[in-house]
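Biologist: Got a minute to walk me through this one? I'd like to start with the sheet and work outwards.

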Amino acid sequence: MYFYGRLRLTLNLHINMQHEHTDNANQFEALFNHATLGMIVTNRNGIIVNANSYAEQQFGYTVQELQGKTVDMLVPYRFQHGHHRQRDVYYQHPAPRRMGEGRDLFAQRKDGTEFPVEISLSNYELQGQMFVIAFIIDITIRKKQEQLVLQQKAELEKITLEIKQLNSLLEEKVEARTNMLRETMSALEKSKEELSEALETEKQLGELKSRFVTMASHEFRTPLSTILSSTYLLEKYTQGEESGKTQKHIGRIKGAVSDMKNILEDFLSLGRLEEGLVTATMQVLTPEELFAEIQNAIHEMEQGLKKDQQVTFVKEGHASVEIDRHLLKNILNNLLSNAIKFSGEGAVIEVKTILQPRLFTLVVKDQGIGIAEDDMERLFGRFFRAKNAVNIQGTGLGLHIITKYLELMHGNIAVESKLNEGTSFTVHLPQKINALP
Ligand SMILES: Nc1ncnc2c1ncn2[C@@H]1O[C@H](COP(=O)(O)OP(=O)(O)OP(=O)(O)O)[C@@H](O)[C@H]1O
Ligand SMILES: [Mg+2]
């Protein structure tokens, strides 16, 4: 059953049907049935008299099923008993308004399920009878979205809180770390001061030691020379039966004195080197001058050769050399004394020079006790002596002094050795000049 007449509708629908005209009637019918919101018309007693197709879809009832029933059937069971009263209140003062202002409203489908709704009420009179029309909008999607927004807001609040907590935790940690860092820094500063103090003391002590060694070595030289010269004199004066024995002892004294002299010489050299008192005086030598110099040094050292030991001199290449004569002699003396000392009787020691235009090479090679692999690295350090050399006389300064001399001449030294087979030291002195004098 459809009705036509004068209607006053709120929301988007405000229609005034002044004339009972078929066109208008058709228009209204179309409007009623094609509206995209549910419309339900009830009479004064809350009995449904009509519903549009949209309401049919919303509730799952056909119009026929709805007509003649009370509108309470569309209200969820739990609200049905109160609904009757509210309906009566409205009928007493009917006016277009929203229903359930400030409350969440729910409607109930035929299958008993509920859905959230927004309802506007309006009333009209037709042939002296009052009708109420309810406009129903299903707000399930909007509610879900609202729910979602609320959920997201809650999550956001939770995350914000977590971030805040994390932040304050972080700040605490940063604070703690900063404090730790500050403490470490001040401790570091303190230990730095202590270290530099200790270093300064050490330096002073070192200087004191080396000054003492230099002074002592210097002072020892005079009495030593006296001992030596007196020994020579004694040697001359001693005659007679015991002369052989006396000679032997005098020989021993002479040997010991000369050893001591060498040690003192080393100490003095090192002292002078470390104080920067030694400088290289470079000089250009012809090959012949150089060979003579070396031959001379070899000759001097030959006094100390062991039984059947022999030194050979090999010359390769032909070019002049720029060197400090005195330093070269000291280097060769040290290398030769090592070769002699660390080789057995009958061993051959080879001295070799290679004269190239831009490089002077000096090799001293022996067939001695050799050097263990793990001793090689520290060989040129101060006072270093290899494991197999402890029973052989020496202070461990010779090679160290050589490196200092070579530094002064911008040269270098390399070693190759095999335990019990022999050792070879190679000195390189790069040359600026290359023309033959
Ligand atoms: N030709 C060599 N054969 C074997 N070992 C050597 C040789 N030359 C040097 N060494 C090793 O290197 C160490 C250091 O040599 P260095 O000449 O500096 O000291 P030293 O000969 O022991 O003492 P010093 O030269 O001061 O009298 C030696 O003690 C020895 O162990
Ligand atoms: Mg030596």
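**The sheet and its surroundings**

Modeller: Sure. There's an open sheet of five strands with mixed pairing, and the order across it is β8-β10-β11-β13-β12. Keep in mind that this is a predicted model.

Biologist: Which are the edge strands?

Modeller: β8 (310-317) and β12 (412-418), each of which pairs on one side only.

Biologist: And by how many degrees are neighbouring strands turned against each other?

Modeller: On average 15 degrees, ignoring direction.

Biologist: Back to β12. In what sense does β12 pair with β13, and over how many bridges?

Modeller: Antiparallel, over seven bridges, with β13 covering residues 422-430. To pick out one spot, Val 415 has Phe 425 in β13 as its bridge partner.

Biologist: What holds paired strands together in general?

Modeller: Backbone hydrogen bonds, whether the strands run parallel or antiparallel.

Biologist: OK, helices. Which strands does α7 lie across?

Modeller: Helix α7, residues 287-301, lies across β8 and β10 (348-355). Its angle to β8 is about 165 degrees.

Biologist: Switching to ligand 1. How many residues surround it, and which are the closest?

Modeller: 23 residues surround ligand 1, and the closest are Phe 342, Ala 386, Ala 389, Gly 394 and Gly 398.

Biologist: Which elements give two or more residues to that shell?

Modeller: Those are α8 (325-341) and α9 (398-408).

Biologist: And how does the shell around ligand 1 divide into nonpolar, polar and charged?

Modeller: There are 10 nonpolar and 10 polar residues, plus three charged ones.

Biologist: Let's zoom out. Where do the domains fall?

Modeller: The assignment puts domain 1 at 22-138, domain 2 at 142-278 and domain 3 at 283-430.

Biologist: How many residues are in contact between domain 2 and domain 3?

Modeller: Seven from domain 2 contact seven from domain 3. On the domain 2 side, that's four nonpolar residues, one polar and two charged. The centres of the two domains are 30 Å apart.

Biologist: How many helices and strands are there in the protein?

Modeller: Nine helices and 13 strands.

Biologist: And is the protein compact or spread out?

Modeller: More spread out than a compact globule, because its radius of gyration is 59 Å, well over the 22 Å that the globule rule gives for 437 residues.

Biologist: What does the C-alpha trace span along the principal axes?

Modeller: About 175 × 50 × 40 Å.

Key
Residues are numbered from 1 along each chain as its sequence is written. Chains are lettered from A and ligands numbered from 1 in the order in which they are written. This is a predicted model: local features need pLDDT of at least 70, side-chain atom pairs count only at pLDDT 80 or more; totals for chains, interfaces and linings use all residues. Domain bounds come from an automatic or database domain assignment. Two residues are in contact if their C-beta atoms, placed from the backbone, lie within 7 Å. Ala, Val, Leu, Ile, Met, Phe, Trp, Tyr, Cys and Pro count as nonpolar, Asp, Glu, Lys and Arg as charged, and the others, Gly among them, as polar. A residue is near a molecule or strand if its C-beta atom, placed from the backbone, lies within 6 Å of it. Helices (H or I, at least four residues) and strands (E, at least two) are DSSP runs, numbered from the N terminus. Two strands pair if DSSP finds at least two bridges between them. Axes are lines fitted to C-alpha atoms, for helices over the stretch in contact, and angles run from 0 to 180 degrees between N-to-C directions. The radius of gyration is taken over C-alpha atoms; the globule rule is 2.2 Å times the number of residues to the power 0.38.
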